[in-house]
Amino acid sequence: MRRVDHMTAEFDHVTRNETEMDSIHERWLGDRNRGRGGHEYEESWAGEQCGGCRFWVPLAGRVGHDYGVCANALSPFDGRVRFEHDGCDVFADAGRWLIPEDFG
């Protein structure tokens, strides 16, 4: 694990740099639960994505349009950042896609 000395590191707390945001996006994509490209992907999962789950809380700003935190105590992803198009077996339909502005 990489350690950052927060007393001497020179960085913005929340980046506005587009290249860095893209890098974060790519890094987090590696932690997906349901990739559409895999042979094990089930078509029923297309309608059971995190962005449409009532327990998904989008992050703020640009990154919040792709990522949020799972708040479902029954999910193995509870308390973890998830990609909006990811999902799990305890999906609970919110009736619409959730966006950061819903929580502002």
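How many salt bridges does the structure hold? The structure holds two salt bridges, a salt bridge being a side-chain nitrogen of Lys or Arg within 4 Å of a carboxyl oxygen of Asp or Glu, and this tour will stop at each of them in turn.

Before you start selecting, note that this is a predicted model, in which local features need pLDDT of at least 70 and side-chain atom pairs count only at pLDDT 80 or more, while totals for chains, interfaces and linings use all residues. Residues are numbered from 1 along each chain as its sequence is written, and side-chain values use heavy atoms, with hydrogens and water left out.

**The whole chain**

Begin with a cartoon view of the protein chain, where the secondary structure comes to one helix and three strands; these are DSSP runs numbered from the N terminus, with helices (H or I) of at least four residues and strands (E) of at least two. Following the chain from the N terminus, you meet the elements in the order α-β-β-β. Of its 104 residues, 30% count as buried, where buried means under 20% relative accessible area, exposed over 50% and partly exposed in between, with a 1.4 Å probe and protein chains only. If you display contacts (heavy atoms within 4.5 Å) between residues at least 6 apart in sequence, 57% of them join residues at least 24 apart.

**Arg82, Asp86 and Phe77**

Select Arg82 and Asp86, which form a salt bridge whose closest N and O atoms are 2.2 Å apart. Side chains of opposite charge can pair when their charged atoms come close. Asp86 is placed in the segment after β3, and with a relative accessible area of 0% it is buried; Arg82 is buried as well, at 2%. Now add Phe77 to the selection, and you will find the charged end of Arg82 over the ring of Phe77, 3.9 Å from its centre; for this description NZ of Lys or CZ of Arg must be within 6 Å of the ring centre and within 35 degrees of the ring normal.

**Ser75 in its loop**

Keep Phe77 on screen and select Ser75, which lies in the loop between β2 (67–70) and β3 (81–83). The side chain of Ser75 reaches the backbone nitrogen of Phe77 at 3.0 Å. Is Ser75 buried or exposed? Ser75 counts as buried because its relative accessibility is 6%. Leaving aside residues up to four places away in sequence, Ser75 touches Cys70, Cys88 and Val90.

**The cysteines**

Two of the residues touched by Ser75 are cysteines, Cys70 and Cys88, so color the cysteines next and look for bonds between their sulfurs. A search of the whole structure finds zero disulfides, a disulfide being a pair of cysteine sulfur atoms within 2.5 Å. Cys50 is in no disulfide, and the nearest cysteine sulfur, that of Cys88, is 6.3 Å away. Why is Cys53 without a bond to Cys70? The sulfur of Cys53 is 6.5 Å from that of Cys70, the closest cysteine sulfur, and this is too far for a bond. Both sites lie on the buried side of the cut-off, with Cys50 at a relative accessible area of 10% and Cys53 at 8%.

**A tilted aromatic pair**

For the next stop, show the aromatic rings, among which the count comes to one pair. Tyr67 and Phe83 form this pair, which is tilted, at 5.4 Å centre to centre and 50° between the planes; rings of Phe, Tyr and Trp (its six-membered ring) pair if their centres lie within 6.5 Å, with planes under 30 degrees apart counting as stacked, over 60 as edge-to-face and the rest as tilted. The pair links distant parts of the chain, since Tyr67 is in strand β2 and Phe83 in strand β3, 16 residues apart. Both Tyr67 and Phe83 are buried.

**After β3**

Move on to Glu84, found in the segment after β3 and buried with a relative accessible area of 10%. Not counting residues up to four places away in sequence, the residues that Glu84 touches include Cys50, Trp56, His65 and Trp97.

Select Arg96 and Asp102 to see the other salt bridge, in which the closest N and O atoms are 2.8 Å apart. Here Arg96 is partly exposed at 45% relative accessible area, and Asp102 counts as partly exposed at 35%.

End at Glu101, also placed in the segment after β3, which is exposed with a relative accessible area of 53%. Glu101 and Gly61 are 40 residues apart in sequence, yet their C-alpha atoms are 8.9 Å apart in space.

Terms used
Polar contact = N/O pair within 3.5 Å; in protein donor to acceptor, adjacent residues only side chain to side chain.
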